[in-house]
Amino acid sequence: MATAYRNLSSYDMNDIPDASKMRVGIVVSEWNDSITGKLLEGACGTLEKHHVSADNIVVYRVPGSFELTFGAQQVAKYCDVDAVIVLGCVVRGDTPHFDYVCEGVTAGVTTLNATQDIPVIFGLLTTDNMQQAEDRAGGKFGNKGDESAITAIKMIDFVCRLKK
């Protein structure tokens, strides 16, 4: 659903599974750090709010959004986590670079979700301008980091229920 119709940070507290035993990896892009830093704060704050211990949140930084896929793969492989959240921000410019990066990350995260045993959560902002990014990183449309954290909790719970 379009962000204009839903705040990224709004959710029903009663609809969130117990996250106290969950361990979550976060891979965050250094590029557009003024935005990705806010996404990271939102994700970590929301995970902790739902009782994921700070010790059970592992954060790794990669240079840019294109590197998120490889970073997520490595965290899934080596860090004993229940899910990986990727956080990045790509702002449209004057060249087709935006399209290539967005398509590459989207395809990469989709492939990881089809090949890994844990969910990889897509927390990549793909915006036309910096104002749209700010609006989605703690601004008037909430924080995509919050939404990504809630999605991770729900997907970890989904996998746990399947394994019972």
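**A parallel sheet with enclosed strands**

Strand β3 (residues 83-91) is largely enclosed by the rest of the structure, because eight of its nine residues are buried; buried means under 20% relative accessible area, exposed over 50%, and partly exposed in between (1.4 Å probe, protein chains only). Strands (E, at least two residues) and helices (H or I, at least four) are DSSP runs, numbered from the N terminus. The model is a predicted one, in which local features need pLDDT of at least 70 and side-chain atom pairs count only at pLDDT 80 or more, while totals for chains, interfaces and linings use all residues. Residues are numbered from 1 along each chain as its sequence is written, and side-chain values use heavy atoms, with hydrogens and water left out.

On one side of the pairing scheme, β3 is joined to strand β1 (residues 24-29) by five bridges, and the two strands run parallel; strands count as paired if DSSP finds at least two bridges between them. Within this pair, V24 stands opposite A83, and V27 stands opposite V86. Strand β3 also pairs with strand β4 (residues 120-127), again in the parallel sense, over eight bridges. Here L87 of β3 faces a glycine, standing opposite G123 in β4. From β3 the chain crosses through helix α3 (residues 97-115) to β4, giving a right-handed β-α-β crossover. Right-handed means that, with the strands pointing away from the viewer, the path from the first strand over the helix to the second runs clockwise.

Strand β1 deserves a visit of its own. Six of its six residues are buried, so β1 is largely enclosed by the rest of the structure. Its two faces are both covered, with V24, I26 and V28 buried on one side and G25, V27 and S29 buried on the other. Besides β3, strand β1 has β2 (residues 57-62) as a parallel partner, joined to it by six bridges. V27 stands opposite Y60 in β2 as well as opposite V86 in β3. Together with helix α1 (residues 33-49), β1 and β2 make a right-handed β-α-β unit.

Stepping back to the whole protein chain, there are five helices and six strands, arranged along the sequence in the pattern β-α-β-α-β-α-β-α-β-β-α. Of the 164 residues, 48% count as buried. The radius of gyration of the protein chain is 15 Å, which agrees with the value near 15 Å for a compact globule of 164 residues; this radius is taken over C-alpha atoms, and the globule rule is 2.2 Å times the number of residues to the power 0.38. Along its principal axes, the C-alpha trace spans about 50 × 30 × 25 Å.

Helix α5 (residues 144-163) includes F158, which counts as partly exposed at 38% relative accessibility. With M155 and L162, F158 forms a nonpolar patch on the surface, and the three have about 280 Å² of accessible area together. Such areas come from the Shrake-Rupley method with a 1.4 Å probe, and for residues only the protein chains shown count as cover. T151 also lies in helix α5 and is partly exposed, with a relative accessible area of 31%. T151 and L39 are 112 residues apart in sequence and 14 Å apart in space, C-alpha to C-alpha. As for the patch, its members are residues with over 30% relative accessible area and no salt bridge, with nonpolar side chains (Val, Leu, Ile, Met, Phe, Trp, Tyr) joined within 5 Å and like charges within 9 Å. A salt bridge is a side-chain nitrogen of Lys or Arg within 4 Å of a carboxyl oxygen of Asp or Glu.
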